[in-house]
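The following exercises concern strand order, helix packing and the surroundings of individual residues. Please work through each task before reading its solution.

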Amino acid sequence: MSRPTQFKRIVLNSRPVGDIEPDTFRTEVVPFSSLKPGKGEALIQCTWLSLDPAMRGYIRDVRSYLPPVQIGEVMRALGLGVVIEVGPGSKFKVGDHVSGPWGMTEYAVMKDKTLDKIDLLPGVEPLDFLNVLGTSGLTAYFGLKRIGELKPGETLVVSGAAGSVGSTACQLGKAAGAKVYAIAGSDDKCRWLEKELGVDRAFNYKSPNFYTDIKKIGYLDVYFDNVGGEILDFLLTRLKKDARIVLCGAISAYNAPKPKGLQSYLNLISQRAKIQGFIVMDYVSEYPSAIKELAKGLKHGTIKRKFHIVEGGIEQAPVALPMLFSGGNTGKLVVKVSEEPKVGRAKL
């Protein structure tokens, strides 16, 4: 394959106080000659990029589970790509399909230990490794299994249910034998959740009757929270005894300079309930077995997936990112960075 003389990457340009701004990121054009894999390294051409709500947290200059992206650094992101060159002693081969955290860049030199080779199982496609078989699906899996401890017959409520994590959590909840109620931000999303994913009922939180309607389901055993804010505060008043709240995300507050505090937390005491945060990386040793289980769901059709694909290359990544916070996507939001390179290996 022919090599370009230069490539593009997206770097953090400024730290927004609220919403992501047009000048939050900037594009840099870099000589391709600067990329040369060393010992135990591989040169990757990015084909797909994942956009996730956690990326808003990465650009905050605060203490977190990962260090913040610094001004001038390539924006952190997970991607899919193809190995186009290897350094001495690399365990990869030219043509291998891999996933990894190289960020918003068209090409990257990565250490072997940061890359995962993609081996397709029956019923699986490469993009699934940015969705059900990637951090989104694994987050839903471990959130319900380890934190929610969901049991058959229990009542599960999932917010942000039309996103990649939420939609997987809904389907895993149904597979576990729970009654599943979904919360999303449009009637179209609610219809998709009911008709395609099979939730027992979906509620549009923008409806003027939302709070009245959702009370009709009674009290809940497990709440998988992706949004935080007013919905979390309200559902704290709808807990059964020994309820579990899976604190996965707070997308309603990610752009807020000062998120509002909870008012209804005393219900945690009266109902002997628990609220617990978690990070999917805490369960990395269990990824292989979880991926096998999730892949079976894809193969047998018990887990369905939906992608919101943005075309146009790497420069569309920062443009599309705010969609996550406005409810503009249904399903997993991904950017197509490039066509798969022709490097002498069969396509996946």
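The exercises below refer to a predicted model.

**Exercise 1. Determine the strand order of the open sheet, its pairing sense and its edge strands.**

Solution.
1. The sheet is built from 6 strands, and their order is E10-E9-E8-E11-E12-E13.
2. The pairing is parallel.
3. Strand E10 (201-204) and strand E13 (274-277) each pair on one side only, which identifies them as the edge strands.
4. On average, neighbouring strands of this sheet are turned by 15° against each other, direction ignored.
5. Within the sheet, strand E8 (residues 155-158) and strand E11 (residues 220-225) are joined in the parallel sense over 3 bridges. Val158 has Phe224 in E11 as its bridge partner.

**Exercise 2. State which strands helix H3 touches, then classify the crossing of H2 and H3.**

Solution.
1. Helix H3 (residues 164-175) packs on the sheet and touches E8, strand E9 (179-184) and E11. The direction of H3 makes about 170° with that of E8.
2. For a pair of packed helices, the description rests on the angle between the axes and the distance between them.
3. The axes of helix H2 (residues 135-148) and H3 come within 8 Å and cross at roughly 45°.
4. H2 and H3 are therefore oblique to each other, and their crossing is right-handed.
5. The residues that meet include Ser136, Gly137 and Leu144 in H2, and Ser164, Val165 and Leu172 in H3.

**Exercise 3. Decide whether Ser50 is buried or exposed, and describe the contacts of its side chain.**

Solution.
1. Ser50 is found in strand E3 (residues 41-50).
2. Its relative accessible area is 2%. The cut-off for a buried residue is under 20%, so Ser50 is buried.
3. The side chain of Ser50 makes a polar contact of 2.6 Å with the side chain of Asp52, and another of 2.7 Å with the side chain of Lys332.
4. Leaving aside residues up to four places away in sequence, Ser50 touches Met55, Ala77, Leu78, Leu130, Lys332 and Leu333.

**Exercise 4. Locate Glu149 and Arg272, and assign each an exposure class.**

Solution.
1. Most residues other than glycine have a negative phi.
2. Phi of Glu149 is a positive value, near 45°; that of Arg272 is also positive, near 50°.
3. Glu149 lies in the loop between H2 and E8, and Arg272 in the loop between helix H7 (267-270) and E13.
4. With a relative accessible area of 39%, Glu149 is partly exposed. Arg272 counts as exposed, at 52% relative accessibility.

Technical notes
Residues numbered from 1 in each chain as written. Predicted model: local features only at pLDDT ≥ 70, side-chain atom pairs only at ≥ 80, totals over all residues. Heavy atoms only, no water. Pairing = 2+ DSSP bridges. Helix = DSSP H or I, 4+ residues; strand = E, 2+ residues; numbered from the N terminus. Axes fitted to C-alpha atoms, helices over the stretch in contact; angles between N-to-C directions. Contact = heavy atoms within 4.5 Å. Buried < 20%, exposed > 50% of the residue type's maximum accessible area, 1.4 Å probe, protein only. Polar contact = N/O pair within 3.5 Å; in protein donor to acceptor, adjacent residues only side chain to side chain. Parallel < 35°, antiparallel > 145°, perpendicular 65-115°, else oblique. Left-handed = near helix turned anticlockwise from the far one by under 90°.
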